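Colleague: Got a minute to go through this one with me? I'd like to pick at a few spots.

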Amino acid sequence: MALKVAIVGLPNVGKSTLFNALTQTAQAQAANYPFCTIEPNVGDVAVPEPRLEALAKVAGSKEIIPARINFVDVAGLVRGASKGEGLGNQFLATIRDCDAVAFVARCFVDDDITHVEGRVDPLDDLDIIETELMLADLESLEKRVTGLEKRAKGGDKDSATTLRLVRLALDQLNAGRPAFTAKVPADDEKAWRMLQLLTAKPALYVCNVDEASADTGNAFSAKVVERAAKDGAKAVVISAKIDSEIAMLSPDERAEFLETLGLAEPGLNRLIREAYALLGLQTYFTAGPKEARAWTIHVGDTAPQAAGVIHTDFEKGFIRAETIAFEDYVRLNGEAGAREAGKLRSEGKEYVVKDGDVMNFRFNV
């Protein structure tokens, strides 16, 4: 399940610094001038999951395999990006290919780092980005109307459905509202996603603060958090500078550094988990002597669907899923103890998998 989150923002807000910290590499060039990122960088990042270590210890697993999520570092957008300013069209296409968007807002003051707009105002930054994405959506949709109308008049039902949703989106955008504000019938959600609207993607606001504000945030980030609540988005406070330093330390050094700063964990951990949840994802586990592994599924997936993530044959020939809650697995020292205590359940095709379930699938192909 190769899911992508685009890291988006104006130039010099800390996107590439954040990306470098996420991937623990220097793949993205962080420099004090616009458009230092010319090609979109993609980083494959492990989702922090302390439960995996506990499972591996109980199961005696030789290897731990976490769930993963992709982050894409997109070059800084500027006013006019929807019309091609600052290589805008190229990067808007990159965003369109992603499943969600992390908007990085500059919430720090530093006279040594130039702001493309000549001021620090995170809400205005967000407005600029949202406006450019809305204009890009408008242009994309307006180009499709004529062709859809012709096919719909010819009796093409799919085109008629798409046309109706395009007009719904245009109503919102022409009124100055992003597409996510539209009320889409449940039966149309798949067709709605197929429109690939930039302003319909799940959004996470990342407040990039100074080092001193890494724990509690500051006045700038408070405004962004308030904006996120109003927009129905998620928000997370992080100091990209601190996390880029933490990412280069050894585990022991990292723990000591965090303690010095009064932080319970790196801000990156919160960011990755929020992005994972933003996409409507959850985790189930498999555990044994060979490996303890986290598998990514959507919230609401059934046992056969979860089995299919491992292999399509598992879903096709699904018989049942032997399931243990994570807490019971660890508390009762594994599968044998859970079985003896009556905590191992045999679940059928209708079972909706819960986050943290430890599962073993029985199938026949």
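Colleague: Is Gln196 buried, partly exposed or exposed?

Modeller: Gln196 is partly exposed, with a relative accessible area of 39%. Keep in mind that this is a predicted model.

Colleague: Where is Gln196 in the fold?

Modeller: Gln196 is in the loop between H6 and strand E6, which covers 203-209.

Colleague: And what about the phi of Gln196?

Modeller: The phi of Gln196 is positive, near 55°, and the residue is not a glycine. Asn12 is another non-glycine with a positive phi, about 65°.

Colleague: Which elements flank Asn12?

Modeller: Strand E1 (4-8) comes before that loop and helix H1 (15-23) after it.

Colleague: Is Asn12 buried or exposed?

Modeller: Asn12 has a relative accessible area of 11%, and buried means under 20%, so Asn12 counts as buried. Gln196, at 39%, is partly exposed.

Colleague: Back to H6 for a second. What does H6 contribute to the largest pocket?

Modeller: Helix H6, residues 189-194, gives five residues to the lining, the largest share.

Colleague: How much space is in that largest pocket?

Modeller: About 820 Å³. The lining has 22 residues, and the closest to the centre are Asp99, Glu189, Arg193, Ala200 and Pro202.

Colleague: How does the lining split by class?

Modeller: Twelve of the lining residues are nonpolar, seven are charged and three are polar.

Colleague: Switching to cysteines. How many disulfides turn up in the whole structure?

Modeller: Zero, searching the whole structure. Take Cys207: the nearest cysteine sulfur belongs to Cys107 and is 4.5 Å away.

Colleague: Why does 4.5 Å rule out a disulfide for Cys207?

Modeller: A disulfide needs the two sulfur atoms within 2.5 Å, so at 4.5 Å Cys207 is in no disulfide.

Colleague: Is Cys207 buried or exposed?

Modeller: Cys207 is buried, with 0% relative accessibility. Cys98 is buried as well, at 3%.

Colleague: Last topic, helix H4. How many residues does H4 have, and how far does it reach?

Modeller: H4 runs over residues 122-153, which is 32 residues, and reaches 46 Å from its first C-alpha to its last. That is close to the 46 Å expected at 1.5 Å a residue.

Colleague: Where does H4 bend?

Modeller: At Val145, by about 35°.

Colleague: And which residue with a positive phi follows H4?

Modeller: Gly155, with phi near 95°.

How values were computed:
Residues are numbered from 1 along each chain as its sequence is written. This is a predicted model: local features need pLDDT of at least 70, side-chain atom pairs count only at pLDDT 80 or more; totals for chains, interfaces and linings use all residues. Side-chain values use heavy atoms; hydrogens and water are left out. On a 1 Å grid over the protein atoms alone, a cavity is a set of points where a 1.4 Å probe fits but cannot get out, and a pocket is an open set with protein on both sides within 12 Å along at least five of seven lines; lining residues have an atom within 4 Å of a point. Grid points are joined across faces, edges and corners, and a volume is the space filled by probe spheres set on the points. Helices (H or I, at least four residues) and strands (E, at least two) are DSSP runs, numbered from the N terminus. Ala, Val, Leu, Ile, Met, Phe, Trp, Tyr, Cys and Pro count as nonpolar, Asp, Glu, Lys and Arg as charged, and the others, Gly among them, as polar. Buried means under 20% relative accessible area, exposed over 50%, partly exposed in between (1.4 Å probe, protein chains only). The expected span of a helix is 1.5 Å times one less than its number of residues. The bend at a residue is the angle between axes fitted to the seven residues ending there and the seven starting there.
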